[in-house]
Amino acid sequence: MQLGLLVEDQAPLARWLMETLQECFPGIRVEHAATLAAGLRLAATETPQIALVDLGLPDGSGIDLIRDLASRHPACHIVVTTIYADDQHLFPALRAGAQGYLLKDQPREKIVQALRGITAGEPPLSASIARRLLRVFDTETKSADVAEKRLTPREQQTLSLIARGYKIAEVATSMGITHNTAHEFIKSVYRKLKVTSRAEATLEATRLGLVNPHL
Ligand code: CA
């Protein structure tokens, strides 16, 4: 790292971050901007290898600078340095092209450690941010799972009948459909629930609240 770009409007924090950068990357030259406009000017004339970008700037959002840096300097490691840990700041910043997200309220050695990791290919993320990202991923996976398992009302009806021990012919009669159609419904229920037997299907039906196990 030869050139760092530091965008931070609070002078004491800017000094602190500048020293942090110099501690991480001895010999690095750091250009400082206190506003979005100054940051954009530096991005247009310099080629930084690392950029620490504050989000709340007096003349706008650091996210605009992140977008600009990401398109001009694809090799630049863009790291958000902010006090905001909420989704409204985190996700737009990552979408704009930030590769790291550090909270400024951490002890210096945590920031140093995270920034040093960049050269080893480790994305600099504060622990709480990393946990938040993992939780989001976990929730998305689960909701995709639920969507895949979602049964149509007719399939739910089929499932609740199977769970009560109805045979295919009885399911067909009860639902006023042909034997073949009942068979198709059952196949599609089994496929969606990833089950292969009536016992498993009954278990799933109970879990989905389609049968009352106490009746
Ligand atoms: Ca600020």
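**View 1. Contacts of Ser126 in the predicted model.** Leaving aside neighbours within four places in sequence, Ser126 is in contact with Tyr101, Leu102, Leu103 and Gln106. The model shown here and in the other views is predicted. Ser126 sits in the loop between α5 and α6. Its relative accessible area is 3%, so Ser126 counts as buried, the cut-off being under 20%.

**View 2. Trp16 on helix α1.** Trp16 belongs to helix α1. Residues up to four places away in sequence are not counted here; beyond them, Trp16 touches Lys104, Gln106, Arg108 and Ile111. Trp16 has a relative accessible area of 22% and is therefore partly exposed, since buried means under 20%. Ala34 lies 18 residues from Trp16 in sequence. In space, the two are 14 Å apart, C-alpha to C-alpha.

**View 3. Packing of helix α5.** Helix α5 spans residues 108-117. Its buried residues are Ile111, Val112, Ala114, Leu115 and Gly117. One of them, Ile111, is touched by Trp16. Which elements do the buried residues of α5 pack against? One is a helix, α1 (11-24). The others are the strands β3 (50-53), β6 (77-82) and β7 (100-103).

**View 4. The calcium site.** Asp9, Asp54 and Gly56 coordinate the calcium ion. Both aspartates donate through OD, and Gly56 donates through O. Distances run from 2.2 to 2.4 Å. In sequence, the donor residues follow the spacing D-x44-D-x1-G. Buried or partly exposed: how do Asp54 and Gly56 count? Asp54 is buried, because its relative accessibility of 4% is under 20%. Gly56 is partly exposed, because its 35% falls between the 20% and 50% cut-offs.

**View 5. The largest pocket.** This pocket holds about 190 Å³ of space. Its lining is made up of Lys142, Asp145, Val146, Lys149, Arg150, Leu151, Gln156, Arg207, Leu208 and Leu210. Helix α6 (residues 127-149) gives the largest share of the lining, with four residues. By type, the lining divides into five charged residues, four nonpolar and one polar. The polar residue is Gln156. Among the charged residues are Lys142, Asp145 and Arg207.

**View 6. The two domains.** The domain assignment gives domain 1 as residues 3-127 and domain 2 as residues 148-207. How far apart are the centres of domain 1 and domain 2? Taken over C-alpha atoms, 55 Å separate them.

Notes: Residues numbered from 1 in each chain as written. Predicted model: local features only at pLDDT ≥ 70, side-chain atom pairs only at ≥ 80, totals over all residues. Heavy atoms only, no water. Domains from an automatic or database assignment. Buried < 20%, exposed > 50% of the residue type's maximum accessible area, 1.4 Å probe, protein only. Helix = DSSP H or I, 4+ residues; strand = E, 2+ residues; numbered from the N terminus. Contact = heavy atoms within 4.5 Å. Donors = N, O, S within 2.8 Å, 3.2 Å for Na, K, Ca; no water. 1 Å grid on protein atoms, 1.4 Å probe; cavity = no way out; pocket = protein on both sides within 12 Å on 5 of 7 lines; lining within 4 Å. Points joined across faces, edges and corners; volume = space filled by probe spheres on them.
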